[in-house]
Each structure stands twice: as structure tokens, then as C-alpha cells.
Amino acid sequence: MLKIASPLAASLLGQEVSSTLSEIAAGDIVECVDDRPSRPDSLVMPRWGGLYTVASIRPADDGFSVRLRELTPSCHLGGLCGCGHCGWDAARFRRIYRPSGGLIAALQGKVCEPA
Ligand SMILES: [Zn+2]
């Protein structure tokens, strides 16, 4: 019964993104905007331009540390993270969508409507 027109979705998304760009929260869809390893032990890195889902975020040294659902970071103990506390600097990501209104399909331009 209710169809969401793309222009409306785009404007809603535009408002949301521009008004709350600085914060990332669990469940957000983020884009990697910096994939340069800054530490030699950063073996696993998100791809620049890649879209990821934030699994969790917590305060870290000088910012925030982000965990992604799609990737397991390398661990300060060696190998893939087994301690559960490793992550990537939140500054490496920009939030492009916070799932709240079911508009993610419109943002990604891959709308699949039920027949
Ligand atoms: Zn770890």
C-alpha cells in the first residue's frame, strides 16, 4: 500500500546524513574512506570505498574503535582478533546510513520490491 518514492527517500537520507555525520553507532552502514595501515600490525584492513556494517564501537586511545560485521581485525596478540577488543579507528569510516526507516535500498540504488 505504501510506496516510498526515490526522490523522497533521497531527500530524507540527505537530511539525516548531513545532520549527523560525525557519529557512528552499531548497526550503521559505513564507507571506508581511509584504508592505509597506520600500524605495522594492521594486517587486515577494510577496502577503500567498501561498505561495512558496524558491529560495535567503543572509545579508544584518541577516538573510537570500530568493529565490523564483515571483517575480523588483526589482533594486538597476533593473528586474527581473538580478544574481541581490537578494531579500526572510527576516522577511517564515514557513516552513509543509519537503519531506521528501511531506506537502505534506496540509498544503494538497488531497490528490490516484492512482486
Ligand atoms: Zn584482539
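Biologist: What mean pLDDT does this model have?

Modeller: The protein has a mean pLDDT of 78, and 68% of its residues reach 70 or more. The model is predicted, and these values express the predictor's confidence on a scale from 0 to 100.

Biologist: Where in the protein is confidence lowest, and where is it highest?

Modeller: Helix 1 (residues 6-19) has the lowest confidence, with a mean of 45. Strand 1 has the highest, at 97. In addition, pLDDT stays under 50 over residues 2-22, and for that stretch the model has 17 contacts beyond four places in sequence.

Biologist: Which elements make up the protein, and in what order do they run?

Modeller: There are two helices and five strands. Starting at the N terminus, their order is α-β-β-β-β-β-α.

Biologist: How are the five strands arranged in the sheet?

Modeller: They form an open sheet with the order 4-3-2-1-5, and the pairing is antiparallel. What makes strand 4 (88-89) and strand 5 (93-97) edge strands is that each pairs on one side only.

Biologist: How do you know that strand 3 and strand 4 pair?

Modeller: Two strands pair if at least two bridges are found between them. Strand 3 (residues 63-68) and strand 4 are joined by two bridges, so the criterion is met. Within this antiparallel pair, Ser-65 stands opposite Asp-89, and Val-66 stands opposite Trp-88.

Biologist: What joins strand 2 and strand 3?

Modeller: Six bridges join them in the antiparallel sense; as pairing requires at least two, these strands count as paired. They form a hairpin with two residues between them. Val-54 stands opposite Leu-68 across this pair.

Biologist: Why is Ile-29 called partly exposed?

Modeller: Ile-29, which belongs to strand 1 (residues 29-32), has 18 C-beta neighbours inside 10 Å. A residue is buried at 20 or more such neighbours and exposed at 12 or fewer. The value of 18 lies in between, so Ile-29 counts as partly exposed.

Biologist: Is Cys-83 buried or exposed, and what makes it so?

Modeller: Cys-83 has 8 other C-beta atoms within 10 Å. The limit for an exposed residue is 12 or fewer, and therefore Cys-83 is exposed. Cys-83 is located in the loop between strand 3 and strand 4. Beyond its neighbours within four places in sequence, Cys-83 is in contact with Cys-75 and Leu-77.

Biologist: Which residues make up the largest nonpolar core?

Modeller: This core has ten residues in all: Ile-24, Val-30, Tyr-52, Val-54, Ile-57, Val-66, Leu-68, Trp-88, Ala-90 and Phe-93. Strand 2 (51-60) and strand 3 each supply at least two of them, and strand 2 gives the largest share, three residues. In soluble globular proteins, nonpolar side chains tend to be buried together.

Biologist: Which residues does Ile-24 contact, apart from its neighbours within four places in sequence?

Modeller: Ile-24 is in contact with Val-30, Val-54, Ile-57, Val-66, Ala-90, Phe-93 and Arg-95. Each is called a contact because the C-beta atoms of the two residues lie within 7 Å.

Biologist: What share of the protein counts as buried?

Modeller: Of its 115 residues, 19% count as buried. As for contacts with a separation of 6 or more, residues 24 or more positions apart account for 56%.

Notes. Residues numbered from 1 in each chain as written. Predicted model: local features only at pLDDT ≥ 70, side-chain atom pairs only at ≥ 80, totals over all residues. Helix = DSSP H or I, 4+ residues; strand = E, 2+ residues; numbered from the N terminus. Core = buried A, V, L, I, M, F, W, Y, C linked by C-beta atoms within 7 Å.
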